[in-house]
Amino acid sequence: MELGAQKLQIIILGDGAVGKTSILKMYAEGKYTSSHITTIGLDYIATKYESPEGKSIDVKIWDTAGQERFKTITYSFYKRAQGVLIAFDVTNRESFENVKNWIDSIENYAKKDIQKVLIGNKIDLTEKRKISNHEAQNLADEHDIPYFETSAKLDKNVSEVMQFIMGKVYDTSQKARSDPQKEEEIRGSQLMPTAPPRKEKSDDCKC
Ligand SMILES: Nc1nc2c(ncn2[C@@H]2O[C@H](COP(=O)(O)OP(=O)(O)OP(=O)(O)O)[C@@H](O)[C@H]2O)c(=O)[nH]1
Ligand SMILES: [Mg+2]
């Protein structure tokens with residue numbers, strides 16, 4: 001049975017200021033800003049994935065807020081995501097330690113077959129680096145998650161990681177589409193609610 005227009009849904013998670021928005025902005029717009037504009041609640045970018053058969057598939061990538069106070073909003077968006085990027089900052093050990101918590105939350109709130117990728121961002125800050133490639137790769141291996149290192153600032157590995165997750169999500173969704181039992185689930189995933197993008201500058205935040 002043929003389903004309606006296919007749309008892939010991906011979410012990016014990780015502590016505040018690890019560079020989630022910067023990665024997505026570099027991918028979608030080829031732009032980088034050095035100021036930290038904290039994501040409030042939820043935002044998204046829309047892009048396309050060219051499938052190996054030459055189909056152009058709509059992709060929505062949800063940009064979440066790392067701050068604790070927005071976690072409830074984020075959880076409500078886990079359920080329909082088919083792919084998740086978990087990002088940490090290679091110069092910030094706490095953000096790396098918290099990867100385990102992000103993985104736990106995915107296990108608690110997301111679909112079982114969600115495709116995961118771990119990203120160590122800010123690799124341009126060589127002198128300040130606290131987490132080696134080896135240490136991060138070990139954690140990724142423990143959880144059986146592919147690991148990529150990126151620099152949103154230098155546009156290093158950004159399109160590679162995005163293409164990788166979209167490819168994984170597309171392959172999984174193709175398999176699911178040929179399984180009639182999963183049909184309803186796919187339809188549901190195309191009905192993800194849209195949140196208006198809202199941003200505020202962290203410097204001005206009085207909260
Ligand atoms: N040196 C360097 N700085 C980066 C890189 N990526 C992001 N940053 C900086 O890190 C800060 C935080 O980046 P954001 O993309 O806003 O981080 P975020 O994870 O979206 O943060 P929240 O929305 O608060 O959760 C900004 O000042 C960015 O300019 C990178 O690859 N290298
Ligand atoms: Mg952000």
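Student: What classes of residue make up the shell around ligand 1?

Tutor: The shell around ligand 1 has six nonpolar, 15 polar and four charged residues. Ala, Val, Leu, Ile, Met, Phe, Trp, Tyr, Cys and Pro count as nonpolar, Asp, Glu, Lys and Arg as charged, and the others, Gly among them, as polar. The model is predicted: local features need pLDDT of at least 70 and side-chain atom pairs count only at pLDDT 80 or more, while totals for chains, interfaces and linings use all residues. Residues are numbered from 1 along each chain as its sequence is written, and chains are lettered from A and ligands numbered from 1 in the order in which they are written.

Student: How many residues surround ligand 1, and what makes a residue near it?

Tutor: There are 25 residues around ligand 1, and the closest are Gly19, Thr21, Ser22, Thr39 and Gly66. A residue is near a molecule if its C-beta atom, placed from the backbone, lies within 6 Å of it. Helix H1 (residues 20-29) gives the largest share of this shell, three residues. Helices (H or I, at least four residues) and strands (E, at least two) are DSSP runs, numbered from the N terminus.

Student: Why is Gly19 called buried?

Tutor: A residue is buried if 20 or more other C-beta atoms, placed from the backbone, lie within 10 Å of its own, exposed if 12 or fewer, and partly exposed in between. Gly19 has 26 C-beta neighbours inside 10 Å, so Gly19 counts as buried. Its place is in the loop between E1 and H1.

Student: Which residues does Gly19 touch?

Tutor: Leaving out residues up to four places away in sequence, Gly19 touches Ala87, Asp89, Asn121, Lys122 and Ala152. Two residues are in contact if their C-beta atoms, placed from the backbone, lie within 7 Å.

Student: Why does Lys122 count as buried, and why does Asn157 count as partly exposed?

Tutor: Lys122 has 25 C-beta neighbours inside 10 Å and therefore counts as buried. Asn157 has 19 inside 10 Å, so Asn157 counts as partly exposed. Lys122 is in the loop between E5 and helix H5 (133-142), and Asn157 is in the loop between E6 and helix H6 (158-177). Neither is a glycine, yet Lys122 has a positive phi of about 75 degrees and Asn157 one of about 70 degrees.

Student: How do you know that strand E4 (residues 83-89) is mostly covered?

Tutor: Seven of its seven residues are buried. On one side these are Gly83, Leu85, Ala87 and Asp89, and on the other Val84, Ile86 and Phe88. In a regular strand the side chains alternate between the two faces of the sheet.

Student: What makes E4 a partner of its neighbours?

Tutor: Two strands pair if DSSP finds at least two bridges between them. Strand E1 (residues 7-14) and E4 pair in the parallel sense over five bridges, and E4 and strand E5 (residues 115-121) do so over seven bridges. Ala87 in E4 is the bridge partner of Gly14.

Student: What is the strand order of the sheet, and which strands are at the edge?

Tutor: The open sheet of six strands has the order E2-E3-E1-E4-E5-E6, with mixed pairing. Strand E2 (42-50) and strand E6 (147-149) are the edge strands, since each pairs on one side only. E2 and strand E3 (residues 56-64) run antiparallel, joined by nine bridges.
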